[in-house]
Amino acid sequence: MASTQKSPPNPSWYWCRWQALRGTSGSHITIPNADLRGKWVIITGGNNGIGREAAIRFASYGANVILGCREPPPHEKHPDVTVVDCRAAAEAAGHISSTIEWWHCDMADLATVEAFANRWLATGHALDILANNAGMSRTSSGKLTKTTDGFEIVHQVNPKIPNR
Ligand SMILES: NC(=O)c1ccc[n+]([C@@H]2O[C@H](COP(=O)([O-])OP(=O)(O)OC[C@H]3O[C@@H](n4cnc5c(N)ncnc54)[C@H](OP(=O)(O)O)[C@@H]3O)[C@@H](O)[C@H]2O)c1
């Protein structure tokens with residue numbers, strides 16, 4: 001039997017804008033400090049963007065931080081720069097013996113991902129936090145691009161959410 005229920009009306013443009021802007025004022029954002037001394041953090045795509053900011057924050061909390069990065073194109077911030085900035089943040093917070101390094105890991109080349117994982121396993125450290133952050137929203141050409149592994153590049157590079 002066909003339903004006689006009417007769909008609710010579409011929300012107004014103003015309501016949608018208001019919802020979209022909620023929480024975007026920096027004056028309302030508070031992030032509690034954490035004590036991550038002795039913890040090990042891997043953050044992929046940590047040289048730039050949100051990953052870089054997170055890496056600097058982790059470092060200031062005393063964590064040992066490994067950035068998993070590709071050799072970026074020249075217009076992007078090089079991981080060396082972010083390592084320097086993470087060390088500065090760590091030292092400013094009194095953490096002078098943290099390990100902060102970047103290791104090569106190009107999500108568009110699975111051999112480098114495997115090499116990264118093996119290098120990590122060889123350290124024998126427990127992994128306390130994995131920030132699987134590296135990602136891209138689209139290819140610059142907008143055309144179908146395949147990686148050397150044969151996968152569509154956006155599909156391969158972006159963080160995967162495991163099936164539940
Ligand atoms: N910002 C948003 O509104 C938003 C919304 C939804 C989801 N996200 C997701 O959140 C994550 C961070 O976003 P963002 O805004 O900080 O992006 P971003 O500024 O573009 O940074 C992306 C990071 O991923 C790295 N990356 C790209 N391709 C890579 C590859 N093949 N191998 C290794 N690293 C690679 C980039 O390195 P290079 O410097 O070498 O390019 C960069 O460090 C991404 O996964 C993004 O899809 C962001």
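**Entry 1: polar contacts of the ligand**

I started with Met107: one of its polar backbone atoms is 2.9 Å from a nitrogen atom of the ligand. I'm working on a predicted model here, so every distance I jot down is computed. Next I checked Asp106, where a polar side-chain atom lies 2.9 Å from a nitrogen atom of the ligand. Then I went to Gly45 and found a backbone N or O atom 3.0 Å from a ligand oxygen. I also looked up the cover: on its own the ligand has 880 Å² of accessible area, and the protein covers 64% of that.

**Entry 2: the shell**

How many residues surround the ligand? I get 17, and the closest are Asn47, Asn48, Ile50, Arg70 and Asn133. Sorted by class, the shell comes out as 8 nonpolar, 6 polar and 3 charged residues.

**Entry 3: the largest pocket**

Where does the ligand sit? I find the ligand in the largest pocket. I noted about 690 Å³ of space for this pocket. Its lining has 28 residues, and those closest to the centre are Arg70, Glu76, Gly135, Met136 and Val157. Three elements give two or more residues each to this lining: helix H2 (49–60), strand S2 (64–69) and helix H5 (153–157). H2 gives the most, with 3 residues. By class I wrote down 11 nonpolar, 13 polar and 4 charged residues for the lining of the largest pocket. Arg70 turns up twice in my notes, among the closest residues to the ligand and among the closest to the centre of the largest pocket.

**Entry 4: the second largest pocket**

I moved on to the second largest pocket, which has a volume of about 210 Å³. I went through its lining, which includes Ile42 and Thr44, then Cys105 and Met107, and also Leu127, Leu130 and Asn132. Val113, Phe116, Ala117, Trp120 and Leu121 are on the list too. So Met107 is back in my notes: its backbone has the contact with a ligand nitrogen, and Met107 also lines the second largest pocket.

Which elements supply at least two residues of this lining? Strand S1 (40–44) and helix H4 (110–123) each do. H4 gives the most to the lining of the second largest pocket, with 5 residues. I also split this lining by class and got 10 nonpolar residues, 2 polar and no charged ones.

Note on methods
Residues numbered from 1 in each chain as written. Predicted model: local features only at pLDDT ≥ 70, side-chain atom pairs only at ≥ 80, totals over all residues. Heavy atoms only, no water. Near = heavy atom within 4 Å. Polar contact = N/O pair within 3.5 Å; in protein donor to acceptor, adjacent residues only side chain to side chain. Areas by Shrake-Rupley, 256 points an atom, 1.4 Å probe, with all protein chains shown as cover. 1 Å grid on protein atoms, 1.4 Å probe; cavity = no way out; pocket = protein on both sides within 12 Å on 5 of 7 lines; lining within 4 Å. Sits in = over half its atoms within 2 Å of the grid points. Nonpolar A, V, L, I, M, F, W, Y, C, P; charged D, E, K, R; others polar. Points joined across faces, edges and corners; volume = space filled by probe spheres on them. Helix = DSSP H or I, 4+ residues; strand = E, 2+ residues; numbered from the N terminus.
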